[in-house]
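Good morning, everyone. Please take a moment with the sequence and the structure before I go through a pair of helices and then some charged side chains.

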Amino acid sequence: MSPFADRVRQQRDAGEVFSADAPIYIARAPGRLDLMGGNDDYTGGMVFEATIREATWAAAQKRTDKAIVLLNPQMRDHAWQERVEFALDDLTDADQVRSLVNRSPEIRWTAYVLGVFFWLKEHRASATQRGMTVLIESEVPLNKGVSSSAAVEVAVMKAAARAYGLDLRGVELAEACQWVENVIAESACGIMDQIAVVLGEEGCVLPLVCQPCLP
């Protein structure tokens, strides 16, 4: 069991953050290292990517109400708000979600997480009738070019989808997380970061032609 999973279990047993009445789903997503290609991601070229040891962890537990409670204690290190709560019913459209996450610089980090729940609500509405508590912990350094944002998106999307009883993986998972970053976080990234985080394997290089997936 990972140290993060141990901490989650301890918090559950102590009645902190999580309840003992529902399962908790834990997911891990590594950062990525761009070996070659870089901005070819935007132009349809080939890139070579690898995952790194440092990763982001997310633990998600479905709630009995419609609150989305996001906790990331590491945000204290950046003078940002570590606990933020939203209402699932307020996620009505992309403009509204962007307004929610941009209401204060101290909660701007939630764009990469709340966008996950908006995507799930839009694309898996029947399964997403309840809120979620999410705890995030990351070893991936911010603003160092190793896809800390993609790691957060993928870890939270994987954990939340499983908590809702959904099977979301592979290219569909990566594209959903790219949408969150493009539309809610308003970052014009290509698919390279998310697909590398989702499909990359330890000790391997992932060659990727960054062109649309067509049937």
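I would like to begin with two helices, keeping in mind throughout that this is a predicted model. Helix H6, which covers residues 170-184, packs with H7 at an angle of about 140 degrees, and their axes are 8 Å apart. Since an angle has to be over 145 degrees to count as roughly antiparallel, H6 and H7 are therefore described as oblique to each other. As for the handedness, the crossing of H6 and H7 is right-handed.

Which residues make this contact? On the H6 side they are Gly 170, Val 171, Leu 173, Ala 174, Cys 177, Gln 178 and Glu 181, and on the H7 side they meet Gln 194, Ile 195, Val 198 and Leu 199. Sorted by character, the residues of this contact comprise seven nonpolar, three polar and one charged.

Staying with H7, which runs over residues 192-199, we find that six of its eight residues are buried, so the helix is largely enclosed by the rest of the structure. The buried residues are Met 192, Asp 193, Gln 194, Ile 195, Ala 196 and Val 197, and two of these names, Gln 194 and Ile 195, also appear in the contact with H6.

Asp 193 leads me to the charged side chains. Side chains of opposite charge can pair when their charged atoms come close. Here, Asp 193 is linked with Arg 32 and Glu 49 in a network of salt bridges, while Asp 193 itself is among the buried residues of H7. In total, the structure holds 13 salt bridges, and I will pick out a few others.

In helix H1, residues 3-13, Asp 6 and Arg 9 lie three residues apart, about one turn of the helix, and they form a salt bridge whose closest N and O atoms are 3.4 Å apart. Asp 6 counts as partly exposed, at 23% relative accessibility, and Arg 9 is likewise partly exposed, with a relative accessible area of 37%.

A further salt bridge joins the side chains of Arg 12 and Asp 13, at 2.9 Å from N to O. In this pair, Arg 12 is partly exposed at 31% relative accessibility, whereas Asp 13, at 55%, counts as exposed.

Finally, how far apart are the closest N and O atoms in the salt bridge of Arg 169 with Asp 167? They are 2.8 Å apart, and here Arg 169 is exposed, with a relative accessible area of 59%, as is Asp 167, with 56%.

Notes: Residues numbered from 1 in each chain as written. Predicted model: local features only at pLDDT ≥ 70, side-chain atom pairs only at ≥ 80, totals over all residues. Heavy atoms only, no water. Buried < 20%, exposed > 50% of the residue type's maximum accessible area, 1.4 Å probe, protein only. Helix = DSSP H or I, 4+ residues; strand = E, 2+ residues; numbered from the N terminus. Axes fitted to C-alpha atoms, helices over the stretch in contact; angles between N-to-C directions. Parallel < 35°, antiparallel > 145°, perpendicular 65-115°, else oblique. Left-handed = near helix turned anticlockwise from the far one by under 90°. Contact = heavy atoms within 4.5 Å. Nonpolar A, V, L, I, M, F, W, Y, C, P; charged D, E, K, R; others polar. Salt bridge = Lys/Arg side-chain N within 4 Å of Asp/Glu carboxyl O.
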